[in-house]
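Student: Please take the loops of this model and go through them residue by residue. I would like the cut-offs stated, and the rest of the fold brought in where it helps to place them.

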Amino acid sequence: MKKNISALILTLTSFVFILCSCSHSNAQNEKPENPYYSKTDTTVLKLDNKEWKKVLSPELYEVARKGATETAFTGEYNVHDAKGAYSCAACGNALFLSDAKFASTCGWPSFYEPIYSNSVKYKEDTSYGMVRTEVVCGRCDAHLGHIFNDGPKPTGKRFCMNSISLDFDPH
């Protein structure tokens with residue numbers, strides 16, 4: 001009798017865990033409706049964070065609007081070799097081609113150049129007692145990551161980006 005009850009409890013516990021896992025992952029993957037997202041509109045967006053909070057997932061909002069950083073080696077595009085183009089996950093702006101992506105082993109997807117010179121903008125970042133150059137989207141000012149001078153030829157640059165700030169379109 002004890003074995004049957006234990007087996008039943010174990011089965012029910014596993015079932016509840018599976019249900020919770022499924023509903024949790026679906027909640028994370030659902031994107032709010034974002035009327036500002038476009039792969040063709042290049043109009044510079046000037047929205048306050050209150051508006052962005054309505055249209056971005058909580059995770060993307062923390063990185064793109066608050067400057068958070070995803071944990072190293074956890075992003076979807078860190079080890080990603082498909083051919084295509086990367087765009088801003090907040091607004092759809094074209095950012096990088098897969099041909100400019102390289103394996104930097106730093107834990108985040110890295111590129112040596114953007115698609116267009118105005119795809120991204122640069123800002124001084126003095127957080128955490130360091131002086132770095134922040135990279136933001138040229139259309140919506142979303143935080144993408146940072147740029148460093150230790151990349152490969154031809155530019156010598158390493159655009160170290162957060163995967164969550166990127167969308168990918170295969171060619």
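Tutor: Helices (H or I, at least four residues) and strands (E, at least two) are DSSP runs, numbered from the N terminus. The model is predicted, so local features need pLDDT of at least 70 and side-chain atom pairs count only at pLDDT 80 or more, while totals for chains, interfaces and linings use all residues. Residues are numbered from 1 along each chain as its sequence is written, and side-chain values use heavy atoms, with hydrogens and water left out.

The frame for the loops is as follows. The protein has three helices and nine strands, and their order from the N terminus is α-α-α-β-β-β-β-β-β-β-β-β. Of its 171 residues, 40% count as buried, where buried means under 20% relative accessible area, exposed over 50%, and partly exposed in between (1.4 Å probe, protein chains only). Contact means heavy atoms within 4.5 Å. Taking contacts between residues at least 6 apart in sequence, 54% join residues at least 24 apart.

Start between the second and third helices. S57 sits in the loop between α2 and α3. S57 counts as buried because its relative accessibility is 13%. Its side chain reaches the backbone nitrogen of L60 at 3.1 Å. This is a polar contact, meaning a pair of N or O atoms within 3.5 Å; within protein, one must be able to donate a hydrogen and the other to accept it, and residues adjacent in sequence count only if both atoms are side-chain atoms.

The next loop runs between α3 (58-64) and β1 (84-88), and F73 is found there. F73 has a positive phi of about 65° although it is not a glycine. With a relative accessible area of 55%, F73 is exposed. Apart from neighbours within four places in sequence, F73 is in contact with N78, T105, C106 and G107. A further relation is in C-alpha positions: F73 and S163 are 90 residues apart in sequence, and their C-alpha atoms are 9.8 Å apart in space.

H80 occupies the loop between α3 and β1 as well. H80 is counted as buried because its relative accessibility is 19%. The side chains of H80 and Y86 are joined by a polar contact of 2.8 Å. If residues up to four places away in sequence are set aside, H80 touches Y86, K101 and F168.

Past the first strand comes N93, in the loop between β1 and β2. Its relative accessible area of 12% is why N93 is classed as buried. Beyond four places in sequence, N93 touches S38, Y86, S87, C88, S119, C137, G138 and R139. Y86 thus appears in the contacts of H80 and again in those of N93. One of the N93 partners can be given in atomic detail: the backbone oxygen of S119 lies 3.1 Å from a polar atom of the N93 side chain. For R139, the figure is a C-alpha separation of 6.4 Å from N93, across 46 residues of chain.

Two backbone points belong to later loops. D141, in the loop between β6 and β7, has a positive phi of about 65° although it is not a glycine. The peptide bond from K153 to P154 is cis, with omega near 10°, and P154 lies in the loop between β7 and β8.

The last item is the core. A nonpolar core is a set of buried Ala, Val, Leu, Ile, Met, Phe, Trp, Tyr and Cys residues joined through side-chain atoms within 4.5 Å. The largest one has 27 residues, of which W52, L56, C88, F96, C140, F159 and M161 touch the most other members. Two or more residues each come from α2 (49-55), α3, β1, β2 (94-97), β6 (132-137), β7 (143-148), β8 (158-161) and β9 (166-170). The largest share, three residues, is from α3. C88, one of the core residues just named, is also among the contacts of N93. As an example of a core residue, F159 touches F96, P109, S110, F111, Y112, E113, P114, V120, Y122, V135, H146 and I147, leaving out residues up to four places away in sequence.
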